[in-house]
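Welcome! Here are some short exercises to work through with the structure beside you. Try each task before reading its solution.

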Amino acid sequence: MRSIALISLLALMAAGSGCKSAYYGFWSKLGYEKRDILVGKVEDARKEQEGAKEEFKTTLDRFTEVTHYEGGELEAKYKKLSSAYDDCESRAKGVHKSIADVESVAGDLFGEWEKEIGEYDSAELKKSSEQKLQETKDRYRTLVTAMKKSESRMQPVLTAFKDQVLFLKHNLNASALASLQETAAGIDADVTQLVKDMEASIDEANAFVEQMK
């Protein structure tokens, strides 16, 4: 456990130095090339999406609890909703960063691959490598398209949740809840679609990792 933590820390330090060559050089010494790093980044993005999916569902549950309020401590329910929204927003930022990391490593991998194809002397091996590169690019495009599609649905849902949280903060009463119920169905539908898109993206990540390995 300690050695893994140390390796991760050193890798982060290398990445934080602003020098990609140092970062990749660090992992190369441990036997990991850009291809392996890309797989790891995709796995990280998959985990972030899985976490975000559950957080959005939790926030919807908290919102539903508030709109179906029938007595009890309304302040406590509001606080749960507000906390869930904060967690949801944090998860969304994590997804955004993880997708950016995937794109960064993928760009470096493909650039290196294209450059090294020109170093082949064997026409047959060169053609085979070009074909594999194209296949990998095609799989990658399908993956990143699915990731960005699911990510694009997050912000509208977050905006809707934020509006409800702010409205409740300023109007914590029964009449306010009645007005929120009118928008509950729309938010529920948006979250349902978001979850479907995220599950599709997670499936694409699983397929990409499997094919790359």
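**Exercise 1. Read along the sequence and write down the pattern of helices and strands that the chain follows.**

Solution. Going along the sequence of this predicted model, the pattern is α-α-α-α-α-α. Next, count the elements: the chain has six helices and zero strands. To finish, look at burial: of the 213 residues in the chain, 37% are buried.

**Exercise 2. Find out which residues of helix α2 are buried, and how they are arranged around the axis of α2.**

Solution. Start by locating α2, which covers residues 20-29. Its buried residues include Y23, Y24, F26 and W27. Now look down the axis of α2: the buried residues fall within an arc of 150°, so they line one face of the helix. A general rule helps here: an α-helix has 3.6 residues a turn, so residues three or four places apart point the same way. Then turn to the other side of α2, where S21 and K29 are exposed. Last, step just past the end of α2: there G31 takes a positive phi of about 95°.

**Exercise 3. Decide whether L180 is buried or exposed, and say where it lies.**

Solution. First place the residue: L180 belongs to helix α6, residues 174-212. Then apply the cut-off, under 20% relative accessible area for buried. L180 has a relative accessibility of 4%, so it counts as buried. Finally, compare sequence and space: L180 and F167 are 13 residues apart along the chain, and their C-alpha atoms are separated by 8.8 Å.

**Exercise 4. Classify E65 by its accessibility, and give its C-alpha distance to K77.**

Solution. Begin with the location: E65 sits in helix α3, which spans residues 34-67. Partly exposed is the class between under 20% (buried) and over 50% (exposed). With 31% relative accessibility, E65 is therefore partly exposed. Now for the distance: E65 and K77 are 12 residues apart in sequence, while 7.3 Å separates them in space, C-alpha to C-alpha.

**Exercise 5. Name the residues that form a negative surface patch, and describe the place of E119.**

Solution. The patch consists of E33, D36, E116 and E119. Take E119 from this group and locate it: E119 is in the loop between α4 (74-117) and α5 (123-170). Then check its accessibility: exposed means over 50% relative accessible area. The value for E119 is 58%, so this residue is exposed.

Notes. Residues numbered from 1 in each chain as written. Predicted model: local features only at pLDDT ≥ 70, side-chain atom pairs only at ≥ 80, totals over all residues. Heavy atoms only, no water. Patch = residues over 30% accessible without salt bridge, like charges linked within 9 Å, V, L, I, M, F, W, Y side chains within 5 Å. Areas by Shrake-Rupley, 256 points an atom, 1.4 Å probe, with all protein chains shown as cover. Salt bridge = Lys/Arg side-chain N within 4 Å of Asp/Glu carboxyl O. Lys, Arg positive; Asp, Glu negative; His and termini not counted. Charge placed at Lys NZ, Arg CZ, Asp CG, Glu CD. Helix = DSSP H or I, 4+ residues; strand = E, 2+ residues; numbered from the N terminus. Buried < 20%, exposed > 50% of the residue type's maximum accessible area, 1.4 Å probe, protein only. Arc of directions from axis to C-beta.
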